[in-house]
Amino acid sequence: MSPLLRVQGRFGQRALLLTTAAVPLTGWAVHATVLLKQLARADKDPLTGLLRRNAYTARARRLLARRSDLAVVMVDADHFKAVNDTMGHPAGDAVLAAFGARLTAWAGPRASVGRLGGDEFAVVVQVTAAHLEQRLAQLVRMLHAPVVLEDGRTVDVAASVGAASTGVLATRDLAVLQRAADAALYDGKHSGRAHLATPAHTTLPTVNGRRAGRPGTAVWGRAA
């Protein structure tokens, strides 16, 4: 065999060895990528694309621990049951998906935006106190824009919004901020504008961590 062929043979063997060794690594890399995608999907609500409650909570707490000038914003769709009852559940799903897209666009990529359940959403976003009211007014306008369905029908929508600022309430406790924002929301329910929480909202009675009297809690032994 010529010296040139012997050299080519050695390089070919080395290339084969390297390729063989890389196959398991490539397999693991593909498996890890698939696994990460599955975990990401598990963290997100399939209808709206927003974070599920646990993923939202974890990200929200990280934001509160690391950043200042934050606000917790609670959002409820108004008259959502009527949409399902009169226009059908696909229309209701389209409204929820639209709300998810609008909240994501409003909050930006660095926020924590979650669907807590049903037609209830929560956002933790960085915004200065000086700009909070302006930003919330923008959000209300976005959420009140009609939703156009695939069949061309238009759904008139609205939402109630309450917000709690870390600066105003002097706390970064997510549970406290959410309860206060939730209470502010219900103070201004169906008003067409966002309501800001005050320190007084943190002292309102709660049941199982929610504002007393809110749907899903009990008031004096009766269903709220």
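Biologist: Which residue of strand 3 is the bridge partner of Ser112?

Modeller: Val124 is the bridge partner of Ser112 in strand 3. The model is a predicted one, and the pairing is read from its atoms. Another bridge into strand 3 links Gly114 with Ala122.

Biologist: What makes strand 2 and strand 3 a pair?

Modeller: A pair needs at least two bridges. Strand 2 and strand 3 (residues 120-126) are joined by 5 bridges and run antiparallel, so they count as paired under that cut-off. The two strands form a hairpin with 2 residues between them. Gly118, in the turn, has a positive phi of about 55°.

Biologist: Why is strand 2 called an edge strand?

Modeller: The sheet is open, with 5 strands in the order 2-3-1-6-7 and mixed pairing. Strand 2 and strand 7 (195-196) each have a single partner strand, so one side of each has no neighbour in the sheet.

Biologist: What packs on the sheet?

Modeller: Helix 5 (residues 129-143) does, touching strand 1 (70-77), strand 6 (159-165) and strand 7. The direction of helix 5 makes about 160° with that of strand 6. Helix 7 (residues 174-187) also packs there, in contact with strand 1, strand 3, strand 6 and strand 7. The direction of helix 7 is at about 45° to that of strand 1.

Biologist: How do you know that the length of helix 5 agrees with its number of residues?

Modeller: Helix 5 has 15 residues, and at 1.5 Å a residue the expected span is 21 Å. The end C-alpha atoms are 21 Å apart, so the two values agree.

Biologist: Why are the buried residues of helix 5 said to line one face?

Modeller: The buried residues are Leu132, Leu136, Leu139, Val140 and Leu143. Viewed down the axis of helix 5, they fall within an arc of 100°, so they line one face. An α-helix has 3.6 residues a turn, so residues three or four places apart point the same way. On the other side of helix 5, Ala130, Gln134 and Arg141 are exposed. The buried residues pack against strand 1, helix 4 (89-107), strand 6 and strand 7.

Biologist: What makes strand 6 mostly covered?

Modeller: In strand 6, 7 of 7 residues are buried. Ala159, Val161, Ala163 and Ser165 are on one side, with Ser160, Gly162 and Ala164 on the other, and both faces are covered. In a regular strand the side chains alternate between the two faces of the sheet.

Biologist: Which strands pair with strand 6, and in what sense?

Modeller: Strand 1 pairs with strand 6 in the antiparallel sense over 7 bridges, and Met74 has Gly162 as its bridge partner in strand 6. Strand 7 runs parallel to strand 6, with 2 bridges between them. Two bridges are enough, because the cut-off is at least two. Ala163 stands opposite Leu196 in strand 7.

Biologist: How many bridges does strand 1 make with strand 3?

Modeller: Strand 1 and strand 3 pair over 7 bridges in the antiparallel sense. Val75 stands opposite Phe121 of strand 3. Strand 3 is mostly covered, with 6 of its 7 residues buried.

Biologist: Why is Gln126 of strand 3 called partly exposed?

Modeller: Gln126 has a relative accessible area of 41%. Partly exposed is the class between under 20% and over 50%, so 41% belongs there. The side chain of Gln126 reaches the backbone oxygen of Ser68 at 3.1 Å. Among the residues that Gln126 touches are Arg67, Asp69 and Leu70.

Biologist: Why is Arg115 called buried?

Modeller: The relative accessible area of Arg115 is 17%. Buried means under 20%, so Arg115 meets the cut-off. Arg115 is found in strand 2 (residues 112-117), and its contacts include Leu47, Leu50, Leu51, Leu96 and Phe121.

Biologist: What makes the pairing of Arg115 and Asp45 a polar contact?

Modeller: The side chains of Arg115 and Asp45 are joined at 3.2 Å. The cut-off is within 3.5 Å for N or O atoms, so 3.2 Å passes. The side chain of Arg115 also reaches the backbone oxygen of Gly118, at 2.9 Å. Gly118 is the turn residue with the positive phi.

Notes: Residues numbered from 1 in each chain as written. Predicted model: local features only at pLDDT ≥ 70, side-chain atom pairs only at ≥ 80, totals over all residues. Heavy atoms only, no water. Helix = DSSP H or I, 4+ residues; strand = E, 2+ residues; numbered from the N terminus. Buried < 20%, exposed > 50% of the residue type's maximum accessible area, 1.4 Å probe, protein only. Polar contact = N/O pair within 3.5 Å; in protein donor to acceptor, adjacent residues only side chain to side chain. Contact = heavy atoms within 4.5 Å. Axes fitted to C-alpha atoms, helices over the stretch in contact; angles between N-to-C directions. Expected span 1.5 Å × (residues − 1). Arc of directions from axis to C-beta.
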